[in-house]
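Trainee: Can you walk me through how the terms get assigned in this one? I'd like to see each label set against its cut-off.

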Amino acid sequence: MTTTVTEVTEGGEGTGSPYALSHLDALESEAVHIFREVAGEFENPVILFSGGKDSIVMLHLALKAFTPAPVPFALLHVDTGHNFPEVLDFRDRTVEKHGLRLHVASVQDYIDRGVLKERPDGTRNPLQTLPLTEKIQAERFDAVFGGGRRDEEKARAKERVFSLRDEFSQWDPRRQRPELWNLYNGRHAPGEHVRVFPLSNWTELDVWQYIAREGIELPSIYFAHEREVFQRNGMWLTAGEWGGPKDGETVEKRLVRYRTVGDMSCTGAVDSDAVTLQQVITEIAASRLTERGATRADDKLSEAAMEDRKREGYF
Amino acid sequence: MSTITPEELAATTLLRFATAGSVDDGKSTLVGRLLHDSKSVLADQLEAVERASASRGQDAPDLALLTDGLRAEREQGITIDVAYRYFATPRRRFILADTPGHVQYTRNMVTGASTAELTVILVDARNGVVEQTRRHAAIAALLRVPHVVLAVNKMDLVGYEEKVFAAIAEEFTAYATELGVPEITAIPISALVGDNVVEPSAHMDWYGGPTVLEHLETVPVSHDLAHCHARLPVQYVIRPRTAEHPDYRGYAGQIAAGTFRVGDEVTVLPSGRTSRISGIDLLGTPVDAAWTTQSVTVLLEDDIDVSRGDLIVPSKDAPATTQDLEATVCHVADQPLTVGHRVLLKHGTRTVKAIVKDIPSRLTLDDLSLHPHPGQLVANDIGRVKIRTAEPLPVDSYADSRRTGSFILIAPSDGPTLTAGMVGESFAAPEPVNDDDQDGWDF
């Protein structure tokens, strides 16, 4: 039998070493390690699944992490009631295909019961926090996977991979635990839970490159298509029942695609003719705007909009 | 970035590195310039920084604001926490752990250095090697960061004098080598002007080495592989029990060090049971061999008892198991660590009860002086501890394996991470030492 040490020495050092992992392999391995740590240490984990590209990549990684066994986690979707129909359809097909269990926390239900009130601007993103928190408490989820990435936003840049939340789901940046090596600390008191971010170290471009490499299917709205849109705060919002356009806003048909998929009321489309994955990757590599800057009205509210939402228990 | 093809980007490797230095040394300017000149700062981020700078009455955009994410940080003009930054060039993807120079300094730098393959230490060319520089070098040496870059900044303020740079580089290299830092690269730069950060300087003809970015792009990342022992901490046992896979039983984990091959004779620790690798699945694809840091599932020929927390190692290269650890630690929690403290110890994928038996010494990083029997360690203290664990652990010396020679201590009550630990001697020997002569760790 060949000795390991000799073999590795022959491989040599250097960037050209056959043992050096590509950046996508390194990120994939790190994410899989995180999923398996959670499976090993928690009782009742759940994956937040919006049907957006980051949550689709998370699910893909989870499937690979436990193959040939099924994913040992359920999915949780916070349904704002303003979802893109293409995305809801994709969600249901995915659940069906992999035989998963789906939990839904409905913002519309909270509004109908009078617990939550529609905001004057029609944006439902901030309204997701309460249904999410109450669902986590009701189902006693102790680990909740989110697709958040540190490159998205500057408050996220300081987020841990394992992020402790108190019984009100609140995030306290000063109480964060230092994370050393790959030794994640998932200890928590009853009623508390841990938000886990397997894609912490991925960038938007990494996500798209990985989607291309793995041949992962996405909802069609990520690719260029004709859509009736109107302009608000410098973004193209889709016209529809949720509340747009208002007086003075005119609808036009444009060739657009979505860089992020969230609530229809605050997710903007970008002008694009990218219809293939490679075209999307080329477009992102050349883009001069971050994906949140280009497409999210809710982050333009203030310099600390994301930090404030996170503190209250947002994704 | 628009000139990079998708194929080129997909083929790059990943380098994790950390920066150390205070605002006064120009660290934020250096980080800002790396991000800015590699075109990783996008228009809307730059506009936000310009707006924030202007609203505070600053004339020029303060690039430090790019890395200050939290409200308290912006309000107080300080950086509290490690911030992670991402950028890419056609040759490599980078993860930068930007560690602040003010509050919780040691804790943050230890955290950033724990996963770094390279540390950039900044000095001001006018001040040379100061107490803080020595502290940075000591932490890089303790954490066994394989590559250290000394960036001698503000060369424009010393007339781009070769003499100044050479003296600082020589003093630092001597000090860091003494601490056992294996590789040191000194680069004269001006982060403000941009000399030797991304573009070569037009002012320092006498310097023939790489720019900071060139060095980051070419430094080897698979440093550990050449001489390390194969180690697989078992995270999870995969048992589908489906019609298709009725008998599949795979041990899933991320290879912490070395290479495993199908056919290898292996021992499972701490039980000591042996078997042979019958298959390796690389996320669904069978392979003949796998190496660090791949996440794999290993199948064994024999149906032996293996569970989460176990360590799979080559039978011919197994570490000893022990219940008594001696280690260098960095205390990271606000509550002190005391002799007699009952804690949880997480090593690899195993968490066991443990007790702090002794704290023989505390180390002052400025001059490396030892303070015997301090009684306790408080936040940001570095010290030696002796720990007794409730169960035997298969530990390596941290010098041999950063992943299987490290551990964290956790408070059993409410769960915060208390202490980061590295098994074995604090610093590497400055010269290569024959194994037989080492009075290191007999378990």
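Mentor: Sure, starting with domains: their bounds come from an automatic or database domain assignment. This is a predicted model, where local features need pLDDT of at least 70, side-chain atom pairs count only at pLDDT 80 or more, and totals for chains, interfaces and linings use all residues. Residues are numbered from 1 along each chain as its sequence is written, and chains are lettered from A and ligands numbered from 1 in the order in which they are written.

Trainee: What does that assignment give for chain A, and how far apart are the centres of domain 1 and domain 2 of chain A?

Mentor: Domain 1 of chain A takes in 21–205 + 307–312, while domain 2 of chain A covers 220–302. Their C-alpha centres are 23 Å apart. In the contact, domain 1 of chain A puts in 19 residues and domain 2 of chain A also 19 residues; a contact means C-beta atoms, placed from the backbone, within 7 Å.

Trainee: Which helices supply the domain 1 side of chain A that touches domain 2 of chain A?

Mentor: Helix H4 (85–98) and helix H7 (204–214) of chain A, with at least two residues each. "Helix" here is a DSSP run (H or I, at least four residues), a strand is a run of E (at least two), and numbering goes from the N terminus. By class, that side of domain 1 of chain A has four nonpolar, nine polar and six charged residues. Ala, Val, Leu, Ile, Met, Phe, Trp, Tyr, Cys and Pro count as nonpolar, Asp, Glu, Lys and Arg as charged, and the others, Gly among them, as polar.

Trainee: Why is H3(A) called oblique to H7(A)?

Mentor: Helix H3 (residues 53–66) of chain A packs on H7(A) at about 50°, axes 11 Å apart. Axes are lines fitted to C-alpha atoms, for helices over the stretch in contact, with angles from 0 to 180 degrees between N-to-C directions. Under 35 degrees is roughly parallel, over 145 roughly antiparallel, 65 to 115 roughly perpendicular, and the rest oblique. About 50° fits none of the three named ranges, so H3(A) is oblique to H7(A).

Trainee: Which hand does the crossing of H3(A) and H7(A) have, and which residues meet?

Mentor: The crossing is left-handed: the near helix is turned anticlockwise from the far one by less than a right angle, clockwise being right-handed. Lys53(A), Asp54(A), Val57(A) and His60(A) of H3(A) meet Val207(A), Tyr210(A), Ile211(A) and Glu214(A) of H7(A).

Trainee: What makes S2 and S6 of chain B edge strands?

Mentor: Chain B has an open six-stranded sheet, S2-S3-S1-S4-S5-S6, with mixed pairing. Strands pair if DSSP finds at least two bridges between them. Strand S2 (83–88) and strand S6 (183–188) of chain B each have a single partner strand, so one side of each lacks a neighbour in the sheet. Neighbouring strands are turned by 25° on average, direction ignored.

Trainee: How do you know that S5 pairs with S6 in chain B?

Mentor: Six bridges join strand S5 (residues 147–153) of chain B to S6(B), and the two run parallel. Set against the cut-off of at least two, six bridges qualify, so they pair. Leu150(B) sits opposite Ala186(B) in S6(B).

Trainee: What is the sheet order in chain A?

Mentor: S3-S2-S1-S4-S6-S5, again open, six strands, mixed pairing. Strand S3 (102–106) and strand S5 (162–165) of chain A are its edges, pairing on one side only. Five bridges tie strand S2 (residues 74–79) of chain A to S3(A) in parallel, with His77(A) opposite Val104(A).

Technical notes
Contact = placed C-beta atoms within 7 Å.
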